Amino acid sequence: LTLGLEKVLHNAIRYTPERGAITITAKRMATGAQITISDTGVGMNESTAQAALRRFYRLDSARSTSGFGLGLPIAQKIMQRHGGELIIDSSPGGGTRVTITVK
């Protein structure tokens with residue numbers, strides 16, 4: 001689980017400007033826990049947010065940033081293997097919120 005959270009946090013750091021903010025919240029639920037990582041970064045439209053969960057997809061079409069487009073797909077697979085889920089809520093210019101629920 002830690003690796004999955006690390007991947008999501010790494011993306012938040014990568015796509016949030018220097019003076020932006022990243023917020024991490026966690027709450028215990030009856031069946032497990034819910035962790036939310038929110039940022040004030042560039043954000044994505046709905047189709048891009050869904051594409052970000054596909055292996056090798058990269059938001060930067062010029063490929064000028066490092067990485068292979070595996071972070072979020074790996075995080076999602078880790079959560080699914082632990083009976084949880086990963087949900088992306090984002091809007092262009094409005095930042096991104098990734099909610100991870102684990103059981």
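Strands are DSSP runs of at least two residues, numbered from the N terminus. In this predicted model, strand 2 spans residues 32-39 and includes Thr36. The description below starts with the overall fold and then returns to this strand.

The protein chain contains three helices and four strands. Their order from the N terminus is α-β-β-α-α-β-β. Of the 103 residues in the chain, 37% are buried. The chain exposes about 6500 Å². Carbon and sulfur atoms supply 53% of that area. Among contacts with a separation of 6 or more, 51% link residues 24 or more positions apart.

Strand 2 pairs with two other strands. Strand 1 and strand 2 run antiparallel and are joined by eight bridges. The two form a hairpin, with two residues between them. Within this pairing, Arg28 has Ala33 of strand 2 as its bridge partner. Strand 2 also runs antiparallel to strand 4, and seven bridges join them. Here Gln34 has Thr101 of strand 4 as its bridge partner.

Thr36 illustrates the position of strand 2. Its relative accessibility is 11%. Thr36 therefore counts as buried, since the cut-off is under 20%. Leaving out residues up to four places away in sequence, Thr36 touches Thr23, Ile24 and Thr25. Thr36 also touches Arg97, Val98 and Thr99 under the same condition. Thr36 and Thr99 are 63 residues apart along the chain. Their C-alpha atoms are nevertheless separated by 4.4 Å.

Thr23 lies across the hairpin, in strand 1 (residues 22-29). With residues up to four places away in sequence not counted, Thr23 touches Thr36, Ile37 and Ser38. The C-alpha atoms of Thr23 and Asp39 are separated by 6.3 Å, while the two residues are 16 apart along the chain. Thr23 has a relative accessibility of 42% and so counts as partly exposed. Thr36, in contrast, is buried.

Ile22 also belongs to strand 1. Its relative accessible area is 32%, so Ile22 is partly exposed. Ile22 contributes to a nonpolar surface patch together with Ile13 and Ile24. The patch covers about 270 Å². In a regular strand, side chains alternate between the two faces of the sheet.

Nonpolar residues also gather in the interior. In soluble globular proteins, nonpolar side chains tend to be buried together. The largest nonpolar core of this model has 16 residues. Those with the most contacts inside this core are Val8, Leu72, Leu86, Ile88, Val98 and Ile100. The elements that give two or more residues to the core are helix 1 (2-15), helix 3 (71-81), strand 3 (85-90) and strand 4 (96-102). Helix 3 gives the most, with four residues.

Ile88 shows some of the contacts around this core. With neighbours within four places in sequence set aside, Ile88 is in contact with Met44, Ala49, Leu53 and Leu72. Ile88 also contacts Thr96, Arg97 and Val98 on the same terms. Two of these residues, Arg97 and Val98, are also touched by Thr36.

Notes. Residues are numbered from 1 along each chain as its sequence is written. This is a predicted model: local features need pLDDT of at least 70, side-chain atom pairs count only at pLDDT 80 or more; totals for chains, interfaces and linings use all residues. Side-chain values use heavy atoms; hydrogens and water are left out. Buried means under 20% relative accessible area, exposed over 50%, partly exposed in between (1.4 Å probe, protein chains only). Contact means heavy atoms within 4.5 Å. Patches are made of residues with over 30% relative accessible area and no salt bridge: like charges are joined within 9 Å, nonpolar side chains (Val, Leu, Ile, Met, Phe, Trp, Tyr) within 5 Å. Accessible areas come from the Shrake-Rupley method with a 1.4 Å probe; for residues, only the protein chains shown count as cover. A salt bridge is a side-chain nitrogen of Lys or Arg within 4 Å of a carboxyl oxygen of Asp or Glu. A nonpolar core is a set of buried Ala, Val, Leu, Ile, Met, Phe, Trp, Tyr and Cys residues joined through side-chain atoms within 4.5 Å. Two strands pair if DSSP finds at least two bridges between them.
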